[in-house]
Amino acid sequence: MHSKSRLFRPFAILALASTALAGCMVGPDYKGPPPVASDAVSAATFRRAQDATADPPPSRWWIALGDAELDQLVDAAFAASPDLEAATARLRQSRANLRKDRANLLPNTNASALYLHSKGLTGALTGSAAASGASASGAGASASAAEAQSAADSTLDLYDVGVDATWQLDLFGGKRRAVEGDKAATQAVQANLEDAQVSLAAEVAQDYVTLRDLQQRLALAQHNGEVEGRMLDLTKVLRQGGAATDLDVERLVNQVQSTQAQAVPLKAQIADQLDRLAILTGRAPGDLDQELAASAAVPLPPPVVAVGDPASLLRRRPDVRAAERTIKQKNAVIGQRTADLFPKVELLGNVGYSSSELASLFTPASFSYIAAPVLQWSPFDFGRTSAGIREAKGERAEAIANYRKAVLGALNDAETALALYGHQRESLTSLIQVEQSADRASSLTALRVRGGTATTLDQLSAESTRVAAQTNVSQAKAQLTEDYIRLQKSLGLGWTAPDAQGAG
């Protein structure tokens, strides 16, 4: 027992040293991302925001549009989008890699069990020696031959059970830096998945609004064509009576044909939007034709939109968070490379039992073990490790630059979207006033027709002007909703954190 203690003593010393150095990790500790646009980030509100509002919720902003069909489309896209499936698969891979590197902190073990049965092999060797001796002496040859025959018929059984282990001590934190980097990389991949959700929700909503806008424009174009057709018929009658000229007729013919021509590409664009929505929701082109065939109004944004402040924007935007996590991951790689400058200690051990009889296998006499610490160090690698450290520092510098770009891009997206949304609301207000004026003019013309002071042609002309004003308002409403969607995307809204088990 005393000899066993002496053999295990190096292991105990190294284990104690490993414990003492557990907090030692070479390389730079991560201290957070660098400051970017500090004045803008610390502002209470966005510069283009009309007033300060509370922070918006991070998910399902499209519900505020009040369109059940849109809600179903976004949910379907989240459930069946190939892009989200691929992003979720990448998250699973990253989490598995993190678990693997965490396991590398622990010993590698292998268990083995052996049973060996041989017949005549050992005996044949003994018998051959006996037979040779008998030939040399001459006398007693018969007895020696018998002994050789008995040895040739002998058998050998061997039972062996053992466990071996190898453990590379993480004295300088290289493996712990790998775990640190993998954790940051996994968080970046998860942020990328959330960013894919943001983009997908915005794309579905944009395509849906475009579809409804096209359907409204087609209905108005068809109605305007009917009005112009009635004007043309009336003008032809007036020409026959001498109250209109051939030029008047040709002008209206040209107008009717132009309006009809405008309706043709609208139908093609509607078909294209239907197919785009089908693909986004994981269905084949044409599968949504019947479901979305009926024309519906463009959904409008709520009167008040919560946008929060720049600091909350950066905390919320998945692409900014992914860029920040990448800095930490690259920073950890520097520590991994730096650890390669120092020696590595690996513990090798084997414990087992070996016996020729099963009954005596697990007895003290059958016990055996091997213990061996191994030191590895490459102090002269002609600059390979140093070059690896410089490479890792360069990758971290690139990640920092990408983070700065992501922050500035996020701030620019939000400010631009706020400006567009605010101006579009003003434009829509003006166009609504024009539409109201056209409505009043059409009503007054109808009264004049009944009073005999205006012609039916005047009434049809006023109606055509009113339809044109309606078309402009319809397009302006669609643009307002599209700008609202762009604003939600710029704010980093529309993602939900994946379930840890479901995504892992």
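How much accessible surface does the protein chain have, and what share of it belongs to carbon and sulfur atoms? The accessible surface comes to about 27,100 Å², and 55% of that belongs to carbon and sulfur atoms; the areas come from the Shrake-Rupley method with a 1.4 Å probe. This is a predicted model, in which local features need pLDDT of at least 70 and side-chain atom pairs count only at pLDDT 80 or more, while totals for chains, interfaces and linings use all residues. Residues are numbered from 1 along each chain as its sequence is written, and side-chain values use heavy atoms, with hydrogens and water left out.

Let us start with the overall picture. The protein chain has 13 helices and four strands, taken as DSSP runs (helices H or I of at least four residues, strands E of at least two) numbered from the N terminus. Of its 504 residues, 37% are buried (buried is under 20% relative accessible area, exposed over 50%, partly exposed in between, with a 1.4 Å probe and protein chains only). Among contacts (heavy atoms within 4.5 Å) with a separation of 6 or more, 87% join residues 24 or more positions apart.

Now to the interior. The largest nonpolar core (buried Ala, Val, Leu, Ile, Met, Phe, Trp, Tyr and Cys residues joined through side-chain atoms within 4.5 Å) has 64 residues, with Trp 61 and Val 204 making the most contacts inside it. Helices that give two or more residues to this core include those in the table.

| Helix | Residues |
|---|---|
| H3 | 68-80 |
| H4 | 82-103 |
| H7 | 174-240 |
| H8 | 246-280 |
| H11 | 384-451 |
| H12 | 456-490 |

H7 gives the most to this core, with 13 residues. Beyond its neighbours within four places in sequence, Val 204 touches Leu 70, Leu 73, Val 74, Ala 77, Leu 277 and Leu 280. Another core, of seven residues, lies apart from this one and has Val 227, Leu 252, Val 256 and Leu 460 among its members.

How do H7 and H8 cross? Their axes come within 8 Å and cross at roughly 160° (lines fitted to C-alpha atoms over the stretch in contact, with angles from 0 to 180 degrees between N-to-C directions). H7 is therefore roughly antiparallel to H8, a label for angles over 145 degrees.

Finally, a look at one strand residue. Ser 112 sits in strand E1 (residues 108-119) and is partly exposed because its relative accessibility is 41%. Outside its neighbours within four places in sequence, Ser 112 is in contact with Asp 160, Val 161 and Gly 162. Its C-alpha atom is 8.4 Å from that of Asp 164, 52 residues apart along the chain.

Terms used: Parallel < 35°, antiparallel > 145°, perpendicular 65-115°, else oblique.
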